[in-house]
Amino acid sequence: MKGSIENMKKIKNYILSKEFIITLLIIAFMVFINIKYPEQLGFALPQYKDGFAFWKSGLLGNFNDYLVVILPMLFAFCSTKKFFYELSGSALKDTILREDYHKYLKKNIFLTALKAVIPLYIVSTILLTFGIVKYGVVLANCNGSTTCLGMRGIITNPFLYVILTYLLWYLFALIYLNIVYIFFYIIKKYYVALLASYISFIVLDFALQAISAFISIAFDNGRMRFIYDLIYGLTPNENILSCLFIIGSFLIISFIVVKMIYKDKEKVVINFEG
């Protein structure tokens, strides 16, 4: 009973936090502008054929290319402040004395990623529900990027595509926040670490795209069928399983790096004390 009350209090504090509210409002505002006034933003007014097309285009298409750019920073802003101050304050010492350090670390890493994507989940679910009510669920033939939900490969069910997209966002949040944790350890100043993480992520993504494009050109006669782009974790292409493979493979790498940095609890405490 006491544990349930404590969890409810944590959920309430999260929902009422200014970071959650600001993140939710930014995402909701940009989505509203994108679906309400696309013609004023330089895009032709799309004629949606089904609710999934409305969801896909309204959430992360057209004008909301800008939302995709800032989403990684919003993920970190929304979720990491409490964890950072626990690492850099007295809470970590208390944790080492009272409970398993590695269990504490894993729990916070996975929970923080969930907290990061909840605002996006909320806006996305509302948008999809509205789209299905207004436009229906029967998929039309694909005749344009904004008027259909294109799918290819094994996954051809739109509901399953949406579910896997939600999973993809969570995995992407884990990757990005792992990068943030690396810079927390190095810099130990919250907002400076967030900025350094964001810049490093952009540079890393461009580097991975360039390397994978070069490999594809060298071994695939220039057709470039495989581009390693971490942004697929936010805006999946038609083959969502390939996006999951890309994000999943890099997620493993990011976890290995974080584990190496944070494996020694005494060194972690000394590092943040310094």
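Visitor: What does the secondary structure of the protein come to?

Guide: The protein has eleven helices and zero strands. Please keep in mind that this is a predicted model. Read from the N terminus on, the elements run α-α-α-α-α-α-α-α-α-α-α. Of its 274 residues, 46% count as buried.

Visitor: Let us turn to the aromatic residues. How many aromatic pairs does the structure hold?

Guide: The structure holds 22 aromatic pairs. One of them joins phenylalanine 52 and phenylalanine 159.

Visitor: Why is the pair of phenylalanine 52 and phenylalanine 159 called edge-to-face?

Guide: Two values settle that. The ring centres of phenylalanine 52 and phenylalanine 159 are 5.1 Å apart, and centres within 6.5 Å make a pair. Their planes stand at 85°, and planes over 60 degrees apart count as edge-to-face. The pair is therefore edge-to-face.

Visitor: What makes this pair a tie between parts that are 107 residues apart in sequence?

Guide: Phenylalanine 52 lies in helix H3 (residues 51-60) and phenylalanine 159 in helix H8 (residues 158-187), so the pair ties together parts 107 residues apart in sequence.

Visitor: Which of the words buried, partly exposed and exposed fits phenylalanine 52, and why?

Guide: Its relative accessibility is 0%, and buried means under 20%. Phenylalanine 52 therefore counts as buried. Its partner, phenylalanine 159, has a relative accessible area of 42%. Buried means under 20% and exposed over 50%, with partly exposed in between, so phenylalanine 159 is partly exposed.

Visitor: Why is the pair of phenylalanine 54 and phenylalanine 130 called tilted?

Guide: The ring centres of phenylalanine 54 and phenylalanine 130 are 5.6 Å apart, with the planes at 50°. Planes under 30 degrees apart count as stacked, over 60 as edge-to-face and the rest as tilted. With planes at 50°, the pair of phenylalanine 54 and phenylalanine 130 is therefore tilted. This pair links distant parts of the chain too: phenylalanine 54 is in helix H3 and phenylalanine 130 in helix H7, 76 residues apart.

Visitor: How do you know whether phenylalanine 54 is buried or exposed?

Guide: The relative accessible area of phenylalanine 54 is 4%, and the limit for buried is under 20%, so phenylalanine 54 is buried. Phenylalanine 130 comes out at 45%. That value lies between the limits of 20% and 50%, so phenylalanine 130 counts as partly exposed.

Visitor: Which residues do ring pairs link into a cluster?

Guide: The cluster is made of Phe83, Phe84, Tyr85, Tyr104, Tyr181, Phe184, Tyr190 and Tyr191. Phenylalanine 84 is found in helix H5. At 3% relative accessibility, set against the limit of under 20%, phenylalanine 84 counts as buried. Its C-alpha atom is separated by 8.6 Å from that of lysine 188, 104 residues apart along the chain.

Visitor: What about the phi of lysine 188?

Guide: Lysine 188 has a positive phi of about 65°, although it is not a glycine. This residue lies in the loop between H8 and helix H9 (190-219). At 27% relative accessibility, between the limits of 20% and 50%, lysine 188 counts as partly exposed.

Visitor: What makes isoleucine 186 exposed?

Guide: The relative accessible area of isoleucine 186 is 51%, and exposed means over 50%, so isoleucine 186 is exposed. Its place is in helix H8.

Visitor: Where does helix H4 have a kink?

Guide: A kink of about 45° lies at leucine 71, shortly before proline 72. H4 has 15 residues and reaches 22 Å from its first C-alpha to its last, close to the 21 Å expected. Its buried residues include Leu67, Val68, Leu71 and Pro72.

Visitor: How much space lies in the largest pocket?

Guide: About 690 Å³. It is lined by 27 residues, and the closest to its centre are Lys10, Lys82, Asn108, Leu111 and Lys115. H7 gives the largest share of the lining, eight residues. By class, the lining has ten nonpolar, eight polar and nine charged residues.

Definitions and conventions
Residues numbered from 1 in each chain as written. Predicted model: local features only at pLDDT ≥ 70, side-chain atom pairs only at ≥ 80, totals over all residues. Heavy atoms only, no water. 1 Å grid on protein atoms, 1.4 Å probe; cavity = no way out; pocket = protein on both sides within 12 Å on 5 of 7 lines; lining within 4 Å. Points joined across faces, edges and corners; volume = space filled by probe spheres on them. Helix = DSSP H or I, 4+ residues; strand = E, 2+ residues; numbered from the N terminus. Nonpolar A, V, L, I, M, F, W, Y, C, P; charged D, E, K, R; others polar. Expected span 1.5 Å × (residues − 1). Bend = angle between axes of the 7 residues up to and from the residue. Buried < 20%, exposed > 50% of the residue type's maximum accessible area, 1.4 Å probe, protein only. Phe/Tyr/Trp six-rings, centres within 6.5 Å; stacked < 30°, edge-to-face > 60°.
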